[in-house]
Amino acid sequence: MRSPRTLEVWKLGTVNYLKSLKLQDKLVSERKAQRIPDTLLSLQHPPTYTLGKRRTDHNLLIPESELTKIGAELHYTQRGGDITFHGPHQAILYPIISLRSIGIGARCYVETLERSMIDFASIYGVKARAGNKCETGVWVGDRKIGAIGVRISSGITCHGLAFNIDPDLKYFEHIVPCGIADKEVTSLRRETDALLPSEETIHEQLVSCWAKAFSYDDVVWKEDPSVILDSQDNK
Amino acid sequence: MGSRLLCASSRFASHLRISVSQRGFSSVVLKDLKYADSHEWVKIKGNKATVGITDHAQEHLGDVVYVELPDVGRSVSQGESFGAVESVKATSDINTPISGKVLQVNQHLSESPALVNSSPYEEGWIIKVEINDAGEVEKLMDSDKYSKFCEEEDAKH
């Protein structure tokens, strides 16, 4: 009989990208030292373009100097995947979990991330699917609705997934999203006529689908983001 | 000719140990290597070691599209990360099973990262290291222990 698995979920609202990177670094160390349980961050970012470890900046179609004009930042990261955009009305999940505790590797982890987004989309009648080989992510037809970019160090995950609820899709015109040309980006708003509830409810639904896909027994919701966000500043 | 083939295959079988996971797919574990619990292997010859990731590791990663290699001459420390592989939009750190100085990196992996999948113990080797302390090998698993370790890990899922 396996011991029950607990997930702690932090609802962080809108967080600056660099701040979220520092927070994840700290949480990865804590998780590695087994001082915290598996943790999930639920948040959004202000307009931000990010690159992965392979630094595929040829997929940024406007000069970096133009980014401030459109109100966006650019960050280089150690995650897998190509260039992407994060912004308001895009729901992001950053799981900081131990893959070794559940005995899975990168491939199974990513497939489960895809499944959680597919389940979430189905709540609104949207039939999404996992990407084909080399097209990791979640698609509705030929339109990408959910992106994945992950880092795993010593079996602990960080970065994660981004699901388009109703972001300003014009921002995606300045990149070759995920390095895949000729494919559109879409959003939940575009793919369904259903009435969308509040963003808070939508984020909670996405978190629930994620927790179910990863078979957690207990989900503990942490309501005060200042506990982990501000504690970093007191160094 | 037939008998030579038979001899060759039995020699091959004598240093191969197959571990079968609960789901029935088997990953290859070689008897003459040592293994870390982060799924890297090391082959030691005198004061030189060759390091790579195991068949179990490459199966669980998916298709490798990129390998980040360290600089030659860099020091590496047992259990610490020295590079990474990318597969399915995930970068996974690779940790060294042994401390020492990097003598050589497998440049072929820049052009052909998939060698890590197709030949994890041979053409997919990642770095060669001049080792400091041969005693560190005591902390690693032999093929039997590693096979059991893989079975236990797969059973969690």
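UniProt positions are given here in the numbering of this structure, with shortened feature names, and such annotations may be inferred rather than shown by experiment. In this predicted model, the unreviewed UniProt entry lists K89(B) under "modified residue: N6-lipoyllysine".

## The annotated lysine and cysteine

K89(B) sits in the loop that joins β8 (81-87) to β9 (90-95) of chain B. With a relative accessibility of 11%, K89(B) counts as buried. Residues up to four places away in sequence aside, K89(B) touches a set of chain A residues: G80(A), G81(A), T136(A), K144(A), I148(A), G149(A), V150(A) and C178(A).

C178(A), in that set, carries an annotation of its own: the unreviewed UniProt entry gives "active site" for this cysteine. C178(A) belongs to the loop between β10 (156-164) and β11 (184-185) of chain A. The relative accessible area of C178(A) is 11%, so the residue is classed as buried. Beyond its neighbours within four places in sequence, C178(A) is in contact with D82(A), I83(A), K144(A) and A147(A), and with K89(B) from the other chain. K144(A) is thus listed among the contacts of C178(A) and also among those of K89(B).

V88(B) is found in the loop between β8 and β9 of chain B as well. V88(B) is partly exposed, at a relative accessible area of 23%. The phi angle of V88(B) is near 40 degrees, a positive value in a residue that is not glycine. Most residues other than glycine have a negative phi. A second residue of this kind is H159(A), whose phi is about 55 degrees although it is not a glycine. H159(A) is placed in strand β10 of chain A and is buried, with a relative accessible area of 5%.

## The interface of chains A and B

Contacts between the two chains involve 27 residues of chain A and 23 residues of chain B. Together the chains bury about 2000 Å², of which 49% lies on carbon and sulfur atoms. On the chain A side, K53(A), R100(A) and R107(A) lose the most area to chain B, together 29% of what that side buries.

The polar component of this interface includes 15 residue pairs in polar contact, both residues at pLDDT 80 or more. Four salt bridges are found across the interface. One of them joins the side chains of R54(A) and E86(B), with a nitrogen-to-oxygen distance of 2.9 Å. On the side of chain A that touches chain B, the elements giving two or more residues are α2 (99-102), α3 (106-122) and β9 (143-153). The largest share of that side, seven residues, comes from β9(A).

## Cysteines and buried positions

The count of disulfides over all chains is zero. For C150(B), the reason is distance: the closest cysteine sulfur, in C108(A), is 15 Å away, whereas a disulfide requires sulfur atoms within 2.5 Å, so no bond is assigned. C150(B) is buried, with a relative accessible area of 0%.

C150(B) is also one of the contacts of H56(B). H56(B) is in helix α2 (residues 55-61) of chain B, and a relative accessible area of 2% makes this histidine buried. Leaving aside neighbours within four places in sequence, the contacts of H56(B) are S27(B), H39(B), Y146(B), C150(B), E153(B) and D154(B).

In chain A, L60(A) occupies the loop between β3 (48-51) and β4 (73-76). L60(A) touches L67(A), L74(A), I83(A), H174(A) and I175(A), apart from residues up to four places away in sequence. I83(A) is therefore a contact of L60(A) and is also in contact with C178(A), a residue that is buried at 11%. By contrast with these contacts, the C-alpha atoms of L60(A) and A106(A) are separated by 27 Å, the two residues being 46 residues apart along the chain.

The table gathers accessibility values for selected buried residues.

| Residue | Relative accessible area |
|---|---|
| C150(B) | 0%, buried |
| H56(B) | 2%, buried |
| H159(A) | 5%, buried |
| C158(A) | 7%, buried |
| C178(A) | 11%, buried |
| K89(B) | 11%, buried |
| L60(A) | 12%, buried |

These residues are classed as buried because each value is under 20% relative accessible area.

Definitions and conventions. Residues are numbered from 1 along each chain as its sequence is written. Chains are lettered from A and ligands numbered from 1 in the order in which they are written. This is a predicted model: local features need pLDDT of at least 70, side-chain atom pairs count only at pLDDT 80 or more; totals for chains, interfaces and linings use all residues. Side-chain values use heavy atoms; hydrogens and water are left out. Buried means under 20% relative accessible area, exposed over 50%, partly exposed in between (1.4 Å probe, protein chains only). Helices (H or I, at least four residues) and strands (E, at least two) are DSSP runs, numbered from the N terminus. Contact means heavy atoms within 4.5 Å. Buried area is the accessible area (1.4 Å probe) that two parts lose on being put together, summed over both. A polar contact is a pair of N or O atoms within 3.5 Å; within protein, one must be able to donate a hydrogen and the other to accept it, and residues adjacent in sequence count only if both atoms are side-chain atoms.
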